[in-house]
Amino acid sequence: MKWIRNHKVIEEPIVDYLEKLFDEQLANNHILKVSIGTDSQKIKGTLYKFATVILITTTEDLGGGVIVGRGGMIISATYNHDFMKKETDGRKRDKELVNERMVFEVGKSIEVATQIAELLDLYEIPLEIHADINPSPKHDSNKALQSAVGYILGMGYDFKIKPESFAASNGADKFC
């Protein structure tokens with residue numbers, strides 16, 4: 001994946017880049033939290049654009065129970081995926097694609113989380129996987145809720161779904 005931050009391509013491995021970023025932030029007494037989310041948008045037919053973000057939120061403990069926000073940093077990667085590559089007749093209903101696409105999104109987030117998990121453990125930085133899935137049965141994405149949450153929990157990660165899944169629902173959505 002080609003990672004980008006502030007419109008600049010990150011030329012080094014993402015783990016090395018994050019380690020330098022964490023050192024810099026922790027030197028400023030910031031408390032860090034990482035959220036990873038993926039979102040997608042249909043381009044044409046069965047071709048979708050995906051965006052995965054690593055969202056690093058920073059806070060600072062001023063003492064006396066006062067914790068203030070110090071902003072966040074977004075590192076993103078975008079890529080395309082065609083869900084019909086494996087299909088012989090090229091036909092699949094949109095509703096069938098929703099579940100497959102939601103689980104694919106979660107899978108991309110977990111893939112990134114697995115890649116950086118050792119570094120996060122070393123720095124004791126908490127991690128959440130954010131899934132762009134609506135808990136309301138009125139929405140198609142709800143059909144993927146059980147499998148997506150089971151997948152995340154099975155991999156040992158904490159998670160958030162809409163409306164609290166801001167890394168996916170807001171961060172990644174902006175890059176789609």
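# Legends to the close-up views

**Figure 1. Ring pairs join Tyr-48, Phe-50, Tyr-79 and Phe-104 into a cluster.** The view shows the side chains of these four residues, Tyr-48, Phe-50, Tyr-79 and Phe-104, which are linked through pairing of their rings. The structure is a predicted model. Two members of the cluster, Phe-50 and Tyr-79, are shown again in Figure 3.

**Figure 2. Phe-22 and Tyr-123 form an edge-to-face aromatic pair.** Aromatic pairs in the structure number 4. In the pair formed by Phe-22 and Tyr-123, the centres are 5.7 Å apart and the planes make an angle of 65°. Phe-22 belongs to helix H1 (residues 14-27) and Tyr-123 to helix H2 (residues 94-123), so this pair ties together parts of the chain that are 101 residues apart in sequence. Phe-22 and Tyr-123 are both buried.

**Figure 3. Phe-50 and Tyr-79 form a stacked pair.** The ring centres of Phe-50 and Tyr-79 lie 5.9 Å apart and the planes meet at 0°, so the pair counts as stacked. Phe-50 is part of strand S4 (residues 47-63), whereas Tyr-79 is part of strand S5 (residues 66-82); the pair therefore ties together parts that are 29 residues apart in sequence. Both residues, Phe-50 and Tyr-79, are buried, and both belong to the cluster that also includes Tyr-48 and Phe-104.

**Figure 4. A cis peptide bond joins Lys-162 and Pro-163.** The view is centred on this bond, for which omega is about 5°. Pro-163 is placed in the loop between strand S7 (158-160) and helix H4 (166-175).

**Figure 5. Asn-29 has a positive phi without being a glycine.** The phi angle of Asn-29 is near 60°. The residue sits in the loop between H1 and strand S3 (30-44). Its relative accessibility is 59%, so Asn-29 counts as exposed. The helix that precedes this loop, H1, also carries Phe-22 of the pair in Figure 2.

**Figure 6. Glu-124 is a non-glycine residue with a positive phi.** Phi of Glu-124 is about 55°. Glu-124 is located in the loop between H2 and strand S6 (127-131). With a relative accessibility of 72%, over the 50% cut-off, Glu-124 counts as exposed. Tyr-123, of helix H2, is by contrast buried.

**Figure 7. The protein chain comprises 4 helices and 7 strands.** From the N terminus onward, the order of the elements is β-β-α-β-β-β-α-β-α-β-α. The radius of gyration of the chain is 17 Å, close to the 16 Å given by the globule rule for 176 residues, so the chain is as compact as a globular protein of that length. Along the principal axes, the C-alpha atoms fill a box of roughly 60 × 35 × 25 Å. Of the 176 residues, 45% count as buried. Among contacts between residues at least 6 apart in sequence, 66% join residues at least 24 apart.

**Figure 8. The protein chain exposes about 9,800 Å² of surface.** Carbon and sulfur atoms supply 50% of this exposed area. The chain carries 22 positive and 26 negative charges, and the mean positions of these two sets are 9 Å apart.

Conventions. Residues are numbered from 1 along each chain as its sequence is written. This is a predicted model: local features need pLDDT of at least 70, side-chain atom pairs count only at pLDDT 80 or more; totals for chains, interfaces and linings use all residues. Side-chain values use heavy atoms; hydrogens and water are left out. The radius of gyration is taken over C-alpha atoms; the globule rule is 2.2 Å times the number of residues to the power 0.38. Buried means under 20% relative accessible area, exposed over 50%, partly exposed in between (1.4 Å probe, protein chains only). Contact means heavy atoms within 4.5 Å. Accessible areas come from the Shrake-Rupley method with a 1.4 Å probe; for residues, only the protein chains shown count as cover. Lys and Arg count as positive and Asp and Glu as negative; His and the chain ends are not counted. The place of a charge is taken as NZ of Lys, CZ of Arg, CG of Asp or CD of Glu. Rings of Phe, Tyr and Trp (its six-membered ring) pair if their centres lie within 6.5 Å; planes under 30 degrees apart count as stacked, over 60 as edge-to-face and the rest as tilted.
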